[in-house]
Amino acid sequence: MSNAVIVSAVRTPIGTAFKGSLKNVRAERLARTVLEAAIERSGFAAEEVDDVVLAESLYGGGDLARHAAVAAGMLHVPGMALNRHCASGLSAVGVAAAAVLSGGSDVVVAGGVQSTSTAPELVWRDASGAEFRGMPPTFPHSAEADDDVTLTVGFNVAEKYAISREVMDRWAVRSHQRAVAAIDAGVFADELIPVPLPDGGSFETDEHPRRTTSESKLASLPSLHPEIDGFSITAGNASGVNDGAAALVVTRRESAVTRGAPVLAEILGWSAVGVDPRWTGTGAIDAATRVLEKTGLTVGDVDLWEVNEAFASVPVAACRELGLDEDRVNVHGSGCSLGHPVAASGARMITTLVHELRRRGGGVGIATMCAGGGQGGAVAIRVPPA
């Protein structure tokens with residue numbers, strides 16, 4: 001077992017991209033907000049931080065980790081940008097734990113930042129020289145195929161596991177209901193950091209969950225790919241397009257004890273996997289399986305699961321394949337409701353796990369997710385008894 005521990009875990013509220021509260025807040029501002037708050041809560045001084053590892057995805061380059069470190073006055077901290085698509089935030093925590101365990105660093109801030117609203121627009125050219133805007137199709141179906149993967153990964157998983165649209169819609173509605181109930185009960189209070197807004201005031205509450213969502217309303221939504229016969233993925237049973245950030249401070253247990261820092265959770269293990277891009281959604285299942293094997297845990301040992309709802313089909317498939325109790329999965333909502341700020345989601349999931357397990361008096365949690373291009377990532381933690 002590792003002795004890498006989490007001594008603080010925070011996140012911003014999640015905004016709805018392009019029209020929500022964070023639409024004019026750049027990624028650099030989000031990164032600085034969670035970085036400063038995570039350090040302030042950690043029990044360590046900024047001068048004691050050795051590195052910052054922040055995930056960023058679809059943002060057009062740069063190094064948000066270094067930018068945030070400088071903006072926070074930590075000129076001595078180098079900063080690393082990390083991109084594993086949707087699993088980037090999980091991988092950032094794994095990289096931080098590895099750095100701590102190797103002795104290369106003692107205190108590392110890890111997390112992820114996504115400002116879809118302010119991300120630069122990509123311009124690219126195909127083989128003929130024709131110019132296009134938006135995301136280029138970068139992943140073939142397999143090493144033997146040249147055709148590109150389209151946005152059908154959620155549908156492929158639904159087909160593979162015989163998951164109907166009705167089942168996915170039902171999962172999505174429950175996700176919204178759970179998120180709204182958590183917001184109303186103040187469940188997220190310990191993990192949320194308000195974001196200062198350019199026009200004054202601050203953004204303090206997740207805004208993507210919909211209170212009036214119902215199965216009948218979701219059933220009325222059109223398919224995202226009507227040209228594909230039977231395509232069952234809609235805007236309602238897929239994740240939102242969002243902005244947000246999360247950060248955690250990782251250190252050695254000995255350092256936390258010496259410094260008097262609060263040990264919120266121990267990082268038991270982490271994993272990253274690759275799968276056929278056609279079955280990207282199964283990356284969450286494979287990553288979870290691998291982290292269970294690496295840590296020696298069984299499904300029965302795990303008290304709570306976070307399985308990102310990039311598509312509702314993914315957690316449904318994970319529950320079926322791994323034998324998970326749905327009442328222990330995404331207990332306060334996930335991508336369909338809270339939203340999916342891509343690079344930040346993994347760190348958000350761990351942050352929520354840490355605080356929810358603490359509310360329950362301790363326990364083991366696993367966060368797992370699929371990632372673009374046929375990938376997956378998972379992190380296992382243990383929260384000590386209260």
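Which residue follows H2, and what is the sign of its phi? In this predicted model, the residue after H2 is Gly73, and its phi is positive, near 85 degrees. Helix H2 itself offers a suitable place to begin.

Helix H2 covers residues 64–71, and its buried residues are Leu64, Ala65, Ala68 and Ala69. When the helix is viewed down its axis, these buried residues fall within an arc of 135 degrees, so they line one face of H2. The buried residues of H2 pack against two kinds of element. One is a helix, H1, formed by residues 27–42. The others are strands: E3 (51–55), E4 (80–82) and E5 (107–115).

The discussion now turns to charged side chains. The structure contains 19 salt bridges, among them the pair formed by Arg11 and Glu191, whose side chains meet with an N to O distance of 2.6 Å. This pair links distant parts of the chain, for its two residues are 180 residues apart. Arg11 belongs to strand E1 (residues 4–11), whereas Glu191 is found in the loop between helix H5 (165–184) and strand E8 (195–196). Are the two partners buried or exposed? The relative accessible area of Arg11 is 0%, and because buried means under 20%, Arg11 is classed as buried. Glu191 likewise counts as buried, at 0% relative accessibility.

Helix H1, which receives the buried residues of H2, also holds a salt bridge of its own. Within H1, Glu36 and Arg32 lie 4 residues apart, about one turn of the helix, and their side chains meet in a salt bridge of 2.9 Å, N to O. Glu36 is partly exposed at 31% relative accessibility, and Arg32 is partly exposed as well, with a relative accessible area of 30%. Elsewhere, salt bridges that share partners join Arg11, Glu191 and Asp206 into one network.

A further salt bridge connects Arg26 with Glu28, and the closest N and O atoms of this pair are 3.2 Å apart. Here the two partners fall into separate classes of accessibility. Arg26 has a relative accessible area of 42% and is partly exposed, while Glu28, at 17% relative accessibility, counts as buried.

Three salt bridges have thus been followed in turn: Arg11 with Glu191, Glu36 with Arg32, and Arg26 with Glu28. Together with the buried face of H2 and the positive phi of Gly73 after that helix, they give the reader several places from which to begin examining the model.

Methods
Residues numbered from 1 in each chain as written. Predicted model: local features only at pLDDT ≥ 70, side-chain atom pairs only at ≥ 80, totals over all residues. Heavy atoms only, no water. Buried < 20%, exposed > 50% of the residue type's maximum accessible area, 1.4 Å probe, protein only. Arc of directions from axis to C-beta. Contact = heavy atoms within 4.5 Å. Salt bridge = Lys/Arg side-chain N within 4 Å of Asp/Glu carboxyl O.
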